[in-house]
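Subject: Structure for you to look at

Dear colleague,

I am passing on the structure below, followed by notes on what was found in it. Please read the notes with the structure open beside them.

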Protein chains: 2
Amino acid sequence: MTSANSGATRAFDDKRERLLRAAARCFNEKGYSGTSLKDVAIQLGLTDAAIYYYIAGKQELVYQCYMRAADIGQRMLDQAIDEGGTGFDVARRYLELHVAAHCGDEGPIAIMSEIPSLTPEHREEILARSRVHSRNFEAVLRRGIDDGSLTDCDVRMTGNAIMGAVNWIPKWFHGDPAVAKDAVRTFPEYLMRGLKP
Amino acid sequence: MTSANSGATRAFDDKRERLLRAAARCFNEKGYSGTSLKDVAIQLGLTDAAIYYYIAGKQELVYQCYMRAADIGQRMLDQAIDEGGTGFDVARRYLELHVAAHCGDEGPIAIMSEIPSLTPEHREEILARSRVHSRNFEAVLRRGIDDGSLTDCDVRMTGNAIMGAVNWIPKWFHGDPAVAKDAVRTFPEYLMRGLKP
DNA sequence: CGAAAATTTTAATCCGGATTAAAATTAGCG
DNA sequence: CGCTAATTTTAATCCGGATTAAAATTTTCG
């Protein structure tokens, strides 16, 4: 079977998912240049070369990690929007979900620190998705301002601040459940507090 | 003259400072593995090998960039503390200063994305400084809670959120003065708003 | 069981960029 | 002007880790 995702087995996909998580953990903790494919492989009880059965190379691995991160962010925002409510409600719910994703079972989400070392096509794709996500969140903020549930503010900059706070989480969170609990409680509360009318 | 900083000339120090800024810009924009010493050298109109006249190697270059980032953060916090006032006043002033540093003449401040690829000694030093800075900021928050100028909150987590928002700035700020103006206005305002009693 | 497909390993190769050494150029100064 | 130190370049070398190819092992399933 080719490593492309065409006729992929369940087992294959599972292992690939585990690979992405292991890679995300390594990249977050050891940095991009600091993690060799061997490091990632060891976490799976494999040899470095075996990784190439699941992925085309290191570039591709980072790219997939970032796609996964983008997927999760988007999923959380979509879910929050689906659940409805005021702009405030949606924003708050999104923060709860995304912070929980960072700190919970969703496993480590890769920090997008090495976008520039992607191929131009991959880079553009990731950047485009980031932009879309930011714009979507800004739209939620704008909606909240319109419906009176949020105070008037510069949605671009406020969004930057909030996203930064969330995106930075993997820098200091390393799996301690007690810390996770604090984060899930405090982050949405503090970040939303500054948005109340 | 050795490349150590003992009997360094004014001109030498200036060039070294320019080197650090160029490196910080490269690291922020192209990532660590994505920037070769040649990239940095070109910005200074030099050849890659010439860099070794000013610095021991790439490791050292990252380390110095991070030390510079730590210096700036510390300086801004110290200055805010010196100017006095309530906990609220100090925290707000610190944010104004640090955001302005990120967006202003202080030049690009390196994102600490590659701490793990430092030597163990350098890594420990940088991490220690980060910790101290975080603790100092938390102390400011605690002071504000005590003097009634800030609402009661989990200072550790709230600090994490605020630091994250600030540390993420280089990810989206690329020198546009109009954007800088927005950031300097909006960031302190939004981040402090959530801390009012 | 046994053959074909899937998975992993072993053992090279390969390569870009870091690093080094020595030579060349430039700048300060008696 | 000529000497010395400072600065930069040219031209290797060096090396770790990515990548590849082929072989070995394991799994699947008739």
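**How the two copies are related**

A turn of 180 degrees with a shift of 0.0 Å along the axis lays chain A on chain B with an RMSD of 0.0 Å (least-squares superposition on the C-alpha atoms of residues with pLDDT of at least 70 in both copies), which is the relation of a two-fold axis. The copies meet through the same surface, because 100% of the interface residues of chain A are also interface residues in chain B.

This is a predicted model, in which local features need pLDDT of at least 70, side-chain atom pairs count only at pLDDT 80 or more, and totals for chains, interfaces and linings use all residues. Residues are numbered from 1 along each chain as its sequence is written, while chains are lettered from A and ligands numbered from 1 in the order in which they are written.

**A helix pair between the chains**

The axes of helix 8 (residues 177-193) of chain A and helix 6 (residues 155-167) of chain B come within 9 Å and cross at roughly 60 degrees; helices here are DSSP runs of H or I with at least four residues, numbered from the N terminus, and axes are lines fitted to C-alpha atoms over the stretch in contact, with angles from 0 to 180 degrees between N-to-C directions. Helix 8 of chain A is therefore oblique to helix 6 of chain B (angles under 35 degrees count as roughly parallel, over 145 as roughly antiparallel, 65 to 115 as roughly perpendicular and the rest as oblique). From helix 8 of chain A, the contact (C-beta atoms, placed from the backbone, within 7 Å) involves A:D182, A:A183, A:T186, A:F187, A:Y190 and A:L191, and from helix 6 of chain B it involves B:M157, B:T158 and B:A161.

With best wishes

Conventions. Helices (H or I, at least four residues) and strands (E, at least two) are DSSP runs, numbered from the N terminus. Two residues are in contact if their C-beta atoms, placed from the backbone, lie within 7 Å.
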